[in-house]
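Here is a short set of exercises to try with the structure open beside you. Attempt each task yourself, then follow the solution step by step.

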Amino acid sequence: MGKHYRVHISVAPLGATEVRKALAAIREAWTSPHYVKKIEKNKVYFLQTSAEASFLPDENEQAFAQRVSVAIWKKVGRYVKVVIDTSDSDEVPTDCFELNEYDYRKLMRTN
């Protein structure tokens, strides 16, 4: 069993039906979050999730961020901003990964 990580994932902007899709993608690609918050303003949604669990064997933080982002983009069916903050169980400082539209185009071509 690998090292545990504390992860916070933020996804936006989302439509009402896309919130469920993004959450399903996170659950399928990694784990069921312990914390889920959905914020709505003018029918646009912001999803915040947190969980603590292991990554895939031999997977580093960057590979995890890319894999989960691709899962979200595929499930939602378009680019949305994904921000993933990770820290390991030893409380090593947090790494933040914010994948942009360039990353989306590049990663979706290869996945």
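**Exercise 1. Work out whether β4 is mostly covered, and find the strands that pair with β4.**

*Step 1.* Strand β4 is mostly covered, with 6 of its 8 residues buried. Buried means under 20% relative accessible area, exposed means over 50%, and partly exposed is in between, with a 1.4 Å probe and protein chains only. Helices (H or I, at least four residues) and strands (E, at least two) are DSSP runs, numbered from the N terminus.

*Step 2.* A word on the model before we go on: this is a predicted model, in which local features need pLDDT of at least 70 and side-chain atom pairs count only at pLDDT 80 or more, while totals for chains, interfaces and linings use all residues. Residues are numbered from 1 along each chain as its sequence is written, and side-chain values use heavy atoms, with hydrogens and water left out.

*Step 3.* Now look for partners, remembering that two strands pair if DSSP finds at least two bridges between them. β4 pairs with β1 in the antiparallel sense over 8 bridges. Two places to check are A12, which stands opposite K81 in β4, and R6, which stands opposite S87 in β4.

*Step 4.* β4 also pairs with β5, again in the antiparallel sense, over 5 bridges. Here T86 stands opposite D95 in β5.

*Step 5.* Follow β1 to another partner: β1 and β3 are antiparallel and share 9 bridges. V11 stands opposite L47 in β3.

**Exercise 2. Find the largest nonpolar core and say which element gives the largest share of it.**

*Step 1.* Start with the term: a nonpolar core is a set of buried Ala, Val, Leu, Ile, Met, Phe, Trp, Tyr and Cys residues joined through side-chain atoms within 4.5 Å. In soluble globular proteins, nonpolar side chains tend to be buried together.

*Step 2.* The largest such core here has 31 residues, and those with the most contacts inside it are I9, V11, L14, V68 and I72.

*Step 3.* Two or more residues each come from β1 (4–14), α1 (16–29), β3 (44–54), α2 (61–76), β4 (81–88), β5 (95–99) and α3 (101–110). The largest share, 7 residues, comes from α2.

*Step 4.* Zoom in on I72. Not counting residues up to four places away in sequence, I72 touches I9, V11, A22, A25, I26, V80 and V82; contact means heavy atoms within 4.5 Å.

**Exercise 3. Which residues form salt bridges with E52, E18 and E59?**

*Step 1.* A salt bridge is a side-chain nitrogen of Lys or Arg within 4 Å of a carboxyl oxygen of Asp or Glu. The whole structure has 5 salt bridges.

*Step 2.* E52 forms a salt bridge with R6, with the closest N and O atoms 3.2 Å apart. This pair links distant parts of the chain, as E52 is in strand β3 and R6 in strand β1, 46 residues apart. E52 is partly exposed at 33% relative accessibility, and R6 is partly exposed at 30%.

*Step 3.* E18 meets R78 in a salt bridge of 2.8 Å, N to O. E18 lies in helix α1 and R78 in the loop between α2 and β4, so the pair ties together parts that are 60 residues apart in sequence. E18 is buried, at 13% relative accessible area, while R78 is partly exposed, at 30%.

*Step 4.* E59 meets R67 at 2.7 Å, N to O. E59 is buried at 13%, and R67 is partly exposed at 23%.

**Exercise 4. Which residues of α3 are buried, and why do they count as being on the same side of the helix?**

*Step 1.* The buried residues of α3 are D103, Y104 and L107.

*Step 2.* They share a side of α3 because they cover an arc of only 100 degrees around the axis, an arc taken from the directions from the helix axis to the C-beta atoms. An α-helix has 3.6 residues a turn, so residues three or four places apart point the same way.

*Step 3.* Turn to the other side of α3, where Y102 and R109 are exposed.

*Step 4.* The buried residues of α3 pack against α2 and β5. For a view from α2, take V70, which lies in that helix. Leaving aside its neighbours within four places in sequence, V70 is in contact with L107, M108 and N111.
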